[in-house]
Amino acid sequence: MSNEEIYNKVRLTGLTAAEVTASRARHGANTLTPPRRQSLWRLYLEKYEDPIIRILLVAAAISLVLAFVENDFIETIGIILAVFFATTVGFYFERDAARKFDVLTALDEEQPVKVLRNLSYSQGDGSHGSVVEIPRRDVVVGDIVIVETGDEIPADGQLFEAIDMEVDESSLTGELLTTKGARNEERGTRNENRGERIEESLEAGAYPKDILLRSSLVMNGNGRYVVTAVGDHTEIGKVARQATELTAIKTPLNIQLDRLAKLISKVGAAISIFAFLAFLVHDILTQPLWHTTDYLAMAEVVLRYFMMAVTLIVMAVPEGLPMAVTLALALNMRRMLKSNDLVRKLAASETMGAVTVICTDKTGTLTQNRMTVFEMKNEKGEIRNDGSDQTDLYKAIALNTTATHDVGNPTEQALLRWLMEQGVDYQQLRREHPFSHREPFSTERKYMTTTVGDTLYIKGAPEVVLAMCDIPDEERQRVESQLHEWQQRAMRTLAIAVSSPSAVHRSRLLAVVAISDPLREDVAAAVADCHAAGIEVKIVTGDTAATAAEIARQAGILEHSPQTIDYSSSAITGVAFAAMSDEEALAVVRDLKVMSRARPADKQRLVELLQRSGEVVAVTGDGTNDAPALNYAHVGLSLGSGTNVAKNASDITILDDSFRSIVQAVMWGRSLYKNIQRFIFFQLVVNVTALLLVLGGSVIGTELPLTVTQILWVNLIMDTFAAMALASLPPSREFMHQPPRSQTDFIITPSMVRGILGLGILFFVVMFVYLYKIESGGIDIRELTIFFTTFVMLQWWNLLNARTLSSCHSAFRYLFRCRGLLLVLLMILVGQWLIVTFGGTMFRTVPLSPLTWLYIIVATSPVLWLGEVYRLTKRLWTR
């Protein structure tokens, strides 16, 4: 349908049934294509893309070959179970989060819409159309839609008739209220120039005044418009499509685990190859067997060393790491839900800890998205909510309005809520004083009047209303000065006056009012916490430059007043940003604090450029205009009260809409990363000890003196129990006083390497000396039981060291707050006693006397005491 034909339909008052069918066939239904959901199998198989899981699968394959040779499948089963549990736990928790999320995003396409349809139309009969109600999904291009106060715009279109129409476009542009009206230019050329006029109008508003957009809300007035786009072709549909595009952004944790997997692969392969060659060459040079022709015996020796090398590869893999990471993420996910953070993707909870920049929307995120009376004064400068008799003012507010306190124009709603706070029943005033005539507000007159009896109440733009009032010059200057101060702070201002219908230009000024969308109470403190944590906060909004700058000042994002902002570095408009080349934009994005009049594409480009600059970016927002940026960010944070498109594009939904909850999510993420590091430290100490014992045992000609069942118990301690203990450690606010970690920093820090090697070698020396002693003196079951118990108790004490990794605090500080850790320590100790006492033949153990137990516990405790001395030295050194 051409533009001329569309506007002909306007004159002909609606589409026929045949035209509706043809339009739907050509342009589609008025529904948004929901984001494509992954199948359950695909979601589950994604868990096997983890780099550590892939190494474990290779280790399982090698172990399986070894198992067929030795007829011992226990190690293979253990690895496969570790992989299965790690992947299944992650899958379960993400599916559980998805079910919770679906409750938040139920779409309603059955919302009734009033349209004009020419149901009895025949060509040339000039008949008028009928107003009918249809479901929103049945609206088609060319339909004439009738909208009134409180209606949601069902599809994009162009106004051809409007009366005092104001629309809330905050879900698309961030602008809470914008005036709409029909254009006067030639109708037939409107659409052709639409894109050009959109660009020209961006300085004044995000979209032209005659364009209505799907998902906007009519806050005042009424109008008729012709639909020009439906479904996925609407502005919200285009944004939703961008919000579901697949991105190639890897989380910082994935990058770190990739590096760790490569390191483990290289180290494990290098050690096994070196050991194989070293032992084989040593054997060839020292053993007479190699000077004979007994090739079968030679093959047995080579096979023995090859088996040792394979064992080293398997033992080098920290098979408990995927389980630990998954448990830590899953537990964090559950805990964050209690803090009003609904995590949809497991890795997002950890990525929050690496965030360096938060790009936040203004309306609904930093502000309350609820217009409120900031201040009210009369011509003498007196504050009007002082409890004095203000009968005329109360009547003027209650009677000269078409809204209620929760429906209608947001400015009028704010005034009525102010009345209610003064204890005034505005509905009672309306019943007692019915009006006889009302002139609604219009953009031409800029004021509204209501006549009640012989009294005329006036409300409108201050400059217009003040011109009607008879007040002394000194008081007029005081009022104008006050208005200027409010306007400089980007507040909406109006004046209220009273007169008689015959003496409008001798009106009496009742009050001037400042109305604003106030900052949420917790935002300033939360922004300060972000700055203390080394996180930059940037406002990206579709609202005006002055409003955005004032909110930034109140929140502590800008330190100077809006009048002194250097717009070349601290703030910029979306149009100016779009006009920059990528090189020019890259030079300013880090210093940028505020972007106003931003369109969805501007927000997305800002996020991508920040990522190219090496930043880890989180984006917060509640509107459809935020969705592309939410999707492309490392972490997208939608608000619980936001649009479905924004929620679908996000990784985390903030259920209470609080910026404070975002700061809490950062603290959880940083604590989670530290917990993962703690587990890596703990398990790699065990792995280094086991590797050295295998090598040492090969030197003295003995195998590791632990049975398969004992190794399974040790693996249970290393994997499941340690993962549960360290993943359950509570978050610490001390991490919020540290800068974000660099993306280039390896997950294993130099201090961790020193600790892993130091403790691993120490444990090896202790165990190897004891192994050599019992090997040379004749092995009995009691000695092997002591060896087994000593090995377990070394890890038991080291679990406490792991808790204080990279900290100078004592391991006993707040220990009793870590109930999960204490429970695991008790389970290991009781479990070891039960196995030693009652294990018998299955575990190859004999009961030990209480005194022997005491000797073992005391003899292995220096693992902790040495750590305490080291941490005490660090505390004293840093004072």
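The following paragraphs describe the fold of one protein chain, from its overall make-up to selected sheets and helices.

This is a predicted model, in which local features need pLDDT of at least 70, side-chain atom pairs count only at pLDDT 80 or more, and totals for chains, interfaces and linings use all residues. Residues are numbered from 1 along each chain as its sequence is written, and side-chain values use heavy atoms, with hydrogens and water left out.

The protein chain has 31 helices and 21 strands; helices (H or I, at least four residues) and strands (E, at least two) are DSSP runs, numbered from the N terminus. Of its 879 residues, 55% are buried, where buried means under 20% relative accessible area with a 1.4 Å probe, protein chains only. A contact means heavy atoms within 4.5 Å. Among contacts between residues at least 6 apart in sequence, 73% join residues at least 24 apart.

One open sheet contains six strands in the order β10-β15-β14-β13-β12-β11, with antiparallel pairing. Two strands pair if DSSP finds at least two bridges between them. β10 (372–377) and β11 (437–439) stand at the edges; each has a single partner strand, so one side of each is left without a neighbour in the sheet. On average, neighbouring strands of this sheet are turned by 15 degrees against each other, direction ignored. Within the sheet, β14 (residues 492–499) and β15 (residues 508–516) run antiparallel and are joined by seven bridges; I496 has A511 in β15 as its bridge partner.

Helices also pack on this sheet. Helix α12 (residues 391–399) touches β10, β11, β12 (447–452), β13 (455–460), β14 and β15, and its direction makes about 60 degrees with that of β15. Helix α16 (residues 473–488) lies across β10, β14 and β15, at about 15 degrees to β15. For such angles, axes are lines fitted to C-alpha atoms, for helices over the stretch in contact, and angles run from 0 to 180 degrees between N-to-C directions.

A further strand, β4 (residues 156–168), has 10 of its 13 residues buried, so it is largely enclosed by the rest of the structure. β4 pairs in the antiparallel sense with β7 (residues 217–229) over 10 bridges, and V167 stands opposite V218 in β7. The antiparallel pairing of β4 with β6 (residues 211–212) has two bridges; G157 has L212 in β6 as its bridge partner. With β5 (residues 178–180), β4 forms three bridges, again antiparallel, and E166 stands opposite T179 in β5.

Definitions and conventions: Buried means under 20% relative accessible area, exposed over 50%, partly exposed in between (1.4 Å probe, protein chains only).
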